[in-house]
Amino acid sequence: MKTLILYLSHDGQTKKIAEFIQSFIDDEVVIEPLREDFDIRPFERVIIGAAIRYGHFNRLLYRFVEKNSSLLNDRKAIFFGVNLTARKPGKDNPETNPYIRKFLQRISWQPSKIAIFAGALCYPRYKWFDRVMIQLIMKITGGETDATKEIEYTNWEKVKAFAESLNP
């Protein structure tokens, strides 16, 4: 089976997760950043990963999904979302993560499998505006606000279990 992994990543964590998933898939795998004009027809399976920034998925994700929803549904395509809210117990699954629930309500594609993973907090790499905004969000939500820290919240065992579940 030929598998395509597409990802939308702000700071690299979604790409890192996509590459990790790729390493566990037994099929021939192509991994690419998501582009609106990407032709998914040559692939039997499609996996899409996207990150949340300021409470929203990138609009490109919505445009791509709407343009390709019938092909995605035919291929029983898979989706994984990445956000910092998933670092909290009870907010790390598709049924309870508000971003995934809102995403699924807005699209006509019904992924055959969905996962949610916590991302990473990389204060030293952020531009000034992003660092201040993310600190404010983290303060409001009870997260880390020390601008000198980088924290990877991703549970790699959970990602591994998800990736392994994709093999027949």
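## Exercises on a predicted model

P94 has a relative accessibility of 17% and so counts as buried. The model you are looking at is predicted, and the exercises below walk through it, starting with this proline.

**Exercise 1. Place P94 in the chain and find which residues it touches.**

Solution. Start with the sequence: P94 sits in the loop that links β5 and α3. Next, check its exposure. The cut-off for buried is under 20% relative accessible area, and P94 has 17%, so it falls on the buried side. Now look for contacts, leaving aside neighbours within four places in sequence: P94 is in contact with I100, R101, I114, A115 and I116. Finally, take one of these partners and compare sequence with space. P94 and A115 are 21 residues apart along the chain, while their C-alpha atoms are separated by 6.3 Å.

**Exercise 2. Describe the overall fold and dimensions of the protein chain.**

Solution. Begin by counting elements: there are 5 helices and 8 strands. Then read them in order along the sequence, which gives β-α-β-β-β-α-β-α-β-β-α-β-α. For the dimensions, the C-alpha trace spans about 45 × 30 × 30 Å along its principal axes. A compact globule of 168 residues would have a radius of gyration near 15 Å, and the protein chain has 16 Å, which agrees. As a last step, look at how contacts bridge the sequence: among those between residues at least 6 apart, 75% join residues at least 24 apart.

**Exercise 3. Find the largest nonpolar core and say which elements build it.**

Solution. A helpful starting idea is that nonpolar side chains tend to be buried together in soluble globular proteins. In this model, 45% of the 168 residues count as buried. The largest nonpolar core has 27 residues, and the members touching the most other members are I48, F57, L61, F79, F103 and W109. Several elements each supply at least two residues of this core: β1 (2-8), β3 (45-53), α2 (59-74), α3 (98-106) and β6 (113-118). The greatest contribution to this core comes from α2, with 6 residues. There is also a second, separate core of 18 residues, with A18, A115, A163 and L166 among them. A115 should look familiar, as it is one of the contacts of P94.

To see one hub up close, select I48. Not counting residues up to four places away in sequence, I48 touches L6, L34, L61, F64, L72, I78, F79, F80 and W109.

**Exercise 4. Compare three aromatic residues, F38, Y62 and Y99: is each one buried or partly exposed?**

Solution. Take them one at a time.

- F38 lies in the loop between β2 (28-33) and β3. At 10% relative accessibility, F38 counts as buried. Beyond its sequence neighbours up to four places away, F38 touches L4, L6, E32, F43 and F64.
- Y62 belongs to helix α2 and, at 12% relative accessibility, counts as buried. Setting aside neighbours within four places, Y62 is in contact with F57, F103, R106 and I107. Y62 and F103 are 41 residues apart in sequence but 8.6 Å apart in space, C-alpha to C-alpha.
- Y99 is part of helix α3. With a relative accessible area of 23%, Y99 is partly exposed. Not counting residues up to four places away, Y99 touches I52, G55, F57, N83 and T85. From Y99 to G55 the C-alpha distance is 7.2 Å, with their positions 44 residues apart in sequence.

Notice that F57 appears among the contacts of Y62 and of Y99.

**Exercise 5. Look at the backbone of Y54 and K76: what is the phi value of each?**

Solution. First, Y54: phi is near 55°, a positive value in a residue other than glycine. Y54 is found in the loop between β3 and β4 (56-57), and its relative accessible area of 33% makes Y54 partly exposed. Then K76: its phi is also positive, at about 50°, although K76 is not a glycine. This lysine is in the loop between α2 and β5 (78-83). At 59% relative accessibility, K76 counts as exposed.

**Exercise 6. Characterise the surface and charges of the protein chain.**

Solution. For the surface, the protein chain exposes about 8,700 Å², of which carbon and sulfur atoms supply 51%. For the charges, there are 26 positive and 21 negative ones, and their mean positions are 6 Å apart.

Terms used
Residues are numbered from 1 along each chain as its sequence is written. This is a predicted model: local features need pLDDT of at least 70, side-chain atom pairs count only at pLDDT 80 or more; totals for chains, interfaces and linings use all residues. Side-chain values use heavy atoms; hydrogens and water are left out. A nonpolar core is a set of buried Ala, Val, Leu, Ile, Met, Phe, Trp, Tyr and Cys residues joined through side-chain atoms within 4.5 Å. Buried means under 20% relative accessible area, exposed over 50%, partly exposed in between (1.4 Å probe, protein chains only). Helices (H or I, at least four residues) and strands (E, at least two) are DSSP runs, numbered from the N terminus. Contact means heavy atoms within 4.5 Å. The radius of gyration is taken over C-alpha atoms; the globule rule is 2.2 Å times the number of residues to the power 0.38. Accessible areas come from the Shrake-Rupley method with a 1.4 Å probe; for residues, only the protein chains shown count as cover. Lys and Arg count as positive and Asp and Glu as negative; His and the chain ends are not counted. The place of a charge is taken as NZ of Lys, CZ of Arg, CG of Asp or CD of Glu.
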